[in-house]
Protein chains: 2
Amino acid sequence: MPKRKRVVFFISDRTGLTAESFGSSLLSQFPETEFESIKHTFVDNVEQAKVSVVAINKASEKNKVQSIVFSTLVEPTIQKIIESADACVINLFGAFIDPLEKSLNEKSAHTLGRSQDVIGKLGYEKRLDAIDYSLAHDDGVRPDQYDKAEIILVGVSRCGKTPTSLFLAMSHSINACNYPLTEDELDVDTLPEVLLKYREKLIGLTIQPGRLSSIREKRRPNSKYASLQYCKNEIKIAEAMFQRAGIPFFDSTNISIEELAASVMKSIGNY
Amino acid sequence: MPKRKRVVFFISDRTGLTAESFGSSLLSQFPETEFESIKHTFVDNVEQAKVSVVAINKASEKNKVQSIVFSTLVEPTIQKIIESADACVINLFGAFIDPLEKSLNEKSAHTLGRSQDVIGKLGYEKRLDAIDYSLAHDDGVRPDQYDKAEIILVGVSRCGKTPTSLFLAMSHSINACNYPLTEDELDVDTLPEVLLKYREKLIGLTIQPGRLSSIREKRRPNSKYASLQYCKNEIKIAEAMFQRAGIPFFDSTNISIEELAASVMKSIGNY
């Protein structure tokens with residue numbers, strides 16, 4: 001049986017990232033329906049809201065079923081226009097402002113673009129510095145500066161270290177560097193001294209051999225480096241090194257970068 | 001008057017990113033209260049939920065005011081335990097499952113860890129490829145491969161190109177590279193030919209001179225490169241180049257990476 005289809009709009013007065021991540025989480029609870037997502041960002045005035053309503057109504061009419069609309073609009077006039085659309089409009093903020101006002105004993109500001117203030121300038125600079133640090137210390141560069149690192153990811157080539165470091169910097173403002181275990185180091189069979197000095201910052205990454213082999217194959221087809229046997233062997237040695245050194249390690253194979261980063265943060269005692 | 005304080009817990013059976021981004025957006029509407037955030041991730045069993053309740057109750061007791069709890073738990077048994085805490089518990093998913101079930105005419109799965117399925121394997125590889133591409137084409141590297149780029153950010157040194165490219169790759173799975181305008185190119189006063197070939201992919205970035213000067217100062221203190229006058233001049237030339245070439249450009253000074261990336265996406269017709 002073909003999946004049922006439904007068009008979903010994410011309407012935001014800002015980037016739409018909150019509406020999208022939250023709405024997608026909700027929709028993932030409905031596996032029998034297939035969703036087509038449309039995002040409308042920076043809907044912060046009446047005209048833009050009317051443009052959105054026209055698009056929503058057109059989709060509902062075309063598909064002969066009401067579209068779903070997730071909105072995170074805080075300005076009541078604009079939200080009201082969206083609610084006039086022929087759709088199942090879900091006001092993500094609306095439901096919670098009331099209980100929060102009661103609990104905090106404070107009236108909500110109903111103000112556009114506030115979320116930014118939360119991070120603040122200090123948070124913003126820490127984040128940019130973390131991104132700079134992580135980029136400058138990708139792939140084993142400058143281990144003499146690991147005193148400034150908050151997390152050092154270690155693992156074999158192409159096991160997911162770089163995206164994870166960058167995500168840690170970007171989303172958690174963490175100075176995360178990463179260190180690839182080379183063939184020589186795997187031969188020696190013990191983690192390099194430059195790493196063991198910072199044992200409490202070390203996190204191992206591992207991956208399933210089949211997946212690693214297919215990733216490496218794209219980079220160097222038919223190479224020894226990409227062969228399943230070679231990948232298996234490297235991973236086996238690396239995992240044994242992590243275990244002997246007593247450092248936590250995670251498998252990147254079947255999880256998202258977000259989850260891997262959250263697991264890393266949890267293992268160093270954050271969250 | 002000192003700000004009122006309140007402890008906020010974000011409780012999630014996964015990474016907590018959704019609970020945190022959504023909850024923080026809501027809280028930004030309450031500027032008179034200062035919030036201390038605590039995140040509990042991977043709360044996916046009864047024992048973990050009980051540990052969270054103990055922590056929540058302790059905070060409420062210590063501060064003599066109920067803590068706020070945002071939860072995105074889908075498993076009803078676990079959610080019920082959290083709701084037994086002495087706190088203002090806001091079940092972010094609960095409020096919306098019901099209207100969605102009605103509109104979609106489908107029972108929700110109430111299943112842990114579904115969100116991941118939404119991206120799917122294909123989306124995951126596209127994302128990793130985008131991160132690889134953006135890293136390999138940071139800072140003007142290999143313009144001969146710009147045919148594979150989806151967005152080319154261009155601007156003076158340290159105006160915010162690298163974090164924006166990486167964010168576009170990480171969060172929008174876009175092949176985003178960036179090209180710094182050098183002193184020579186600014187002297188010539190027209191965008192280099194290698195860029196003009198891909199005019200439809202070009203996005204300019206600019207920044208306020210004072211901010212640029214202070215960023216550069218951290219990197220090369222007391223240099224000509226960091227002086228306000230030099231920054232002013234570079235920015236003026238760069239903006240004139242963008243205007244003559246007819247490419248859109250954005251000021252990175254007072255907005256978050258998320259917003260900058262969303263504006264860029266909108267300007268190339270996505271969203």
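Trainee: Which residues of the largest nonpolar core touch the most other members?

Mentor: Bear in mind that this is a predicted model. Of the 84 residues in that core, the ones touching the most other members are Ile151(A), Ile152(A), Ala169(A), Ile151(B), Ile152(B) and Ala169(B).

Trainee: Take one of those. What does Ala169(B) touch, leaving out residues up to four places away in sequence?

Mentor: Ala169(B) is in contact with Ala130(B), Ile131(B), Tyr133(B), Ser134(B), Ile174(B) and Ala176(B). Apart from the largest core lies another one, of 62 residues. Phe30(A), Leu104(A), Val53(B) and Ile68(B) are among its members.

Trainee: OK, on to the two chains. How many residues of chain B are in contact with chain A?

Mentor: People often give the size of an interface as the accessible area lost when the parts come together. Here we have a residue count instead: 60 residues of chain B meet 60 residues of chain A. The elements of chain B that give two or more residues to that side are α1 (17-27), β2 (33-40), β4 (87-91), α4 (94-104), α5 (115-136), α6 (161-172) and α11 (257-267). The most comes from α5(B), with eight residues.

Trainee: And how do the residues on that side of chain B divide into nonpolar, polar and charged?

Mentor: There are 29 nonpolar, 21 polar and 10 charged residues on the side of chain B that touches chain A.

Trainee: How should I read the relation between the copies? What turn and shift lay chain B on chain A?

Mentor: In general, two copies of a chain are related by a rotation about an axis and a shift along it. In this case a turn of 180 degrees and a shift of 0.0 Å along the axis lay chain B on chain A, with an RMSD of 0.1 Å. The two copies are therefore related as by a two-fold rotation axis. Both use the same surface, too: 100% of the contact residues of chain B recur in chain A.

Trainee: Now chain A by itself. What radius of gyration does chain A have?

Mentor: Chain A has 24 Å, whereas a compact globule of 271 residues would have a value near 18 Å. Its C-alpha atoms fill a box of roughly 70 × 50 × 30 Å along the principal axes. Within chain A there are 11 helices and eight strands, and 45% of its 271 residues count as buried.

Trainee: Which domains does the assignment give for chain A?

Mentor: The domain assignment gives domain 1 (4-104) and domain 2 (119-267). In chain A the C-alpha centres of domain 1 and domain 2 lie 38 Å apart.

Definitions and conventions:
Residues are numbered from 1 along each chain as its sequence is written. Chains are lettered from A and ligands numbered from 1 in the order in which they are written. This is a predicted model: local features need pLDDT of at least 70, side-chain atom pairs count only at pLDDT 80 or more; totals for chains, interfaces and linings use all residues. Two residues are in contact if their C-beta atoms, placed from the backbone, lie within 7 Å. Helices (H or I, at least four residues) and strands (E, at least two) are DSSP runs, numbered from the N terminus. Ala, Val, Leu, Ile, Met, Phe, Trp, Tyr, Cys and Pro count as nonpolar, Asp, Glu, Lys and Arg as charged, and the others, Gly among them, as polar. A nonpolar core is a set of buried Ala, Val, Leu, Ile, Met, Phe, Trp, Tyr and Cys residues joined through C-beta atoms within 7 Å. A residue is buried if 20 or more other C-beta atoms lie within 10 Å of its own, exposed if 12 or fewer, and partly exposed in between; C-beta atoms are placed from the backbone. Copies are superposed by least squares on the C-alpha atoms of residues with pLDDT of at least 70 in both. The radius of gyration is taken over C-alpha atoms; the globule rule is 2.2 Å times the number of residues to the power 0.38. Domain bounds come from an automatic or database domain assignment.
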